[in-house]
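Trainee: Could you take one part of this model and go through it with me slowly? I would like a close look at a single chain, with the terms explained as they come up.

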Amino acid sequence: MSEIAFFGAVEIGLVYALVALGVFLSFRVLDFPDLTVDGSFPLGAAVAATLIVAGSDPWLASALAIVAGACAGLVTATLNVRFRILHLLASILTMIALFSINLRVMGRPNVAIIMQDTMLTPFYGLGLPDHLLRPLFVLVVVAVVVALLAWFLTSEFGLAMRATGVNARMARAQGINTNLHIYVGMALSNGLVALAGALFAQTNGFADVTSGIGTIVVGLAAVIVGETVLPLRALAWALIACVIGSILYRLAVQLALTADVIGLQASDLNLVTAALVAVALILPQLRLRAGKAAARGGK
Amino acid sequence: MIEVSDLHVVFGRGTALEKHALRGVDLAIPEGQFVTVIGSNGAGKSTILAALAGDVLPESGRVAIDGLDVTRWPTPRRAAYVARVFQDPLAGSCATLSIEENMALAAARGRRRGLGRALGHDRRDAFRDRIAELGLGLENRLGDRMGLLSGGQRQAVSLLMATLAGCKILLLDEHTAALDPATADFVLDLTRRFVADKRLTALMVTHSMRQALDYGDRTVMLHEGRIVLDVAGEERAGLDVPHLLALFARQRGGVELSDDDLLIG
């Protein structure tokens with residue numbers, strides 16, 4: 001793997017680390033399997049790219065992308081909490097709807113911003129080569145997000161959100177408005193994913209309506225890889241594990257795709273991802289079964 | 001002061017499984033009283049607790065706490081007044097959160113939860129002191145996950161958690177039923193101690209007539225959604241389990257108790 005390919009993988013891993021953190025919030029903290037992210041990732045990209053093309057400040061454009069993603073999360077949460085639609089189905093409905101919305105936002109399937117000023121533009125003049133500057137910039141963003149999330153989730157409000165996901169009945173008995181926490185958590189989760197989309201558009205120079213396909217699987221893969229590599233309970237470590245998991249996942253994919261021996265090509269990415277997540281989900285079960293068999297054999 | 005008046009609760013209205021769980025219950029509990037509730041399965045014991053906690057909304061009737069009508073309040077809103085310990089040791093705490101995190105959740109019951117740290121040094125120290133009261137050696141395990149504790153330990157911690165924030169009433173729903181006899185006795189003694197120390201108003205549902213008479217200062221018997229016996233003071237002091245059984249049998253129309261599911265302990 002060349003140096004450029006390596007840092008390219010790190011960069012994309014860092015962008016998707018924000019997706020992983022969002023997925024961690026919905027799947028792990030709230031226990032809410034949320035597929036909205038397949039729509040909120042391109043939504044973030046679409047909103048940011050369209051605004052940037054229209055001459056908006058890229059920071060403002062990215063902030064509005066986060067707001068748009070948060071709204072998408074709120075729609076899913078409303079369908080589930082208020083109208084009692086199964087969480088998985090509620091999120092699929094939002095995801096499908098977002099495909100149309102993203103096309104409306106951009107007015108066409110693809111918007112190029114390669115010639116526009118982005119959040120990174122002011123830093124290009126610092127003398128660092130582009131392939132190092134981009135991951136460094138995203139790393140700073142991710143670090144800030146991780147710090148904010150760690151603070152939020154260990155606050156009284158955040159602790160109540162974690163209790164909502166673990167034991168909603170107990171949470172309500174402790175005076176926690178579980179519905180409120182689902183709304184806030186889903187907004188936060190999809191806001192983060194939309195930020196990832198906005199960064200993706202600005203580091204790659206385009207927004208594409210199809211760029212959201214499989215976002216949830218990639219995010220989940222990062223979370224699972226992270227949990228396997230860094231199985232620590234402390235919350236800050238769990239968040240860092242998401243980031244590390246996302247980078248490792250991208251490096252693994254890069255390695256698989258560049259190793260000619262295996263004969264994989266770029267279009268096999270989704271298959272590789274799905275297989276990886278499936279294996280990661282099956283392995284703990286096999287280990288459990290093996291453990292039980294050993295216990296039986298020992299008696 | 002807890003006042004329940006003419007409370008009716010119906011489950012599954014209009015379905016084949018319609019169940020009239022409470023049929024006009026009147027119950028006034030003065031402050032500081034410890035009431036035990038008995039009755040066979042389906043008598044409405046747990047339903048009364050659920051109606052007080054807000055998990056079940058009644059069809060008609062009124063629930064008032066300190067003169068405040070809370071009949072239509074959802075559970076979280078009532079939590080400032082109501083503390084609970086569930087029958088299932090797993091239900092009252094978060095298994096994947098640490099002991100201290102669970103305590104922090106309970107200590108904030110009924111308060112607004114802001115963005116301040118849930119666990120500072122001061123709070124940890126306070127929690128360590130409180131959990132030491134249990135005498136289970138948990139004061140050095142505050143960071144352990146709740147799920148690592150045994151059922152009895154979890155129930156003892158749940159009871160402690162119920163007393164971390166103030167409450168107008170403590171609801172105990174057969175909170176020792178899932179424990180072995182020795183552990184149940186330990187948790188019951190702890191219950192008696194906490195209720196006495198904090199002068200709590202408490203309502204304890206139990207399957208055991210022995211417990212119902214041995215603990216608290218008033219006993220209420222439910223049958224088919226109505227209160228059929230309400231004794232306190234000297235009258236209660238003179239009662240023994242056989243008396244209670246006889247009363248119980250009369251309520252059931254003289255049916256023998258041999259096929260009953262009561263635990264006569």
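Mentor: Two residues are said to be in contact if their C-beta atoms, placed from the backbone, lie within 7 Å. Keep that in mind as we look at chain A, and remember throughout that this is a predicted model. Among the contacts in chain A with a separation of 6 or more, 78% are between residues 24 or more positions apart.

The chain itself contains 11 helices and 2 strands, and when you read along the sequence these elements follow the pattern α-α-α-α-β-α-α-α-α-β-α-α-α. Chain A is as compact as a globular protein of its length, because its radius of gyration is 20 Å, close to the 19 Å that the globule rule gives for 299 residues. If you turn the C-alpha trace of chain A along its principal axes, you will find that it spans about 70 × 50 × 35 Å.

From the outline we can move inwards, where 48% of the 299 residues of chain A count as buried. The largest nonpolar core has 166 residues, and those with the most contacts inside it are A:Ala17, A:Ala20 and A:Ala196. Let us stay with A:Ala196, which, leaving aside residues up to four places away in sequence, touches A:Val15, A:Tyr16, A:Leu18 and A:Val19, and also A:Phe41 and A:Gly44. When you find A:Ala196 in the structure, look for these partners around it, including A:Tyr16 and A:Phe41.

Methods:
Residues numbered from 1 in each chain as written. Chains lettered and ligands numbered in written order. Predicted model: local features only at pLDDT ≥ 70, side-chain atom pairs only at ≥ 80, totals over all residues. Core = buried A, V, L, I, M, F, W, Y, C linked by C-beta atoms within 7 Å. Buried ≥ 20, exposed ≤ 12 C-beta atoms within 10 Å, placed from the backbone. Helix = DSSP H or I, 4+ residues; strand = E, 2+ residues; numbered from the N terminus. Rg over C-alpha atoms; globule rule 2.2 N^0.38 Å.
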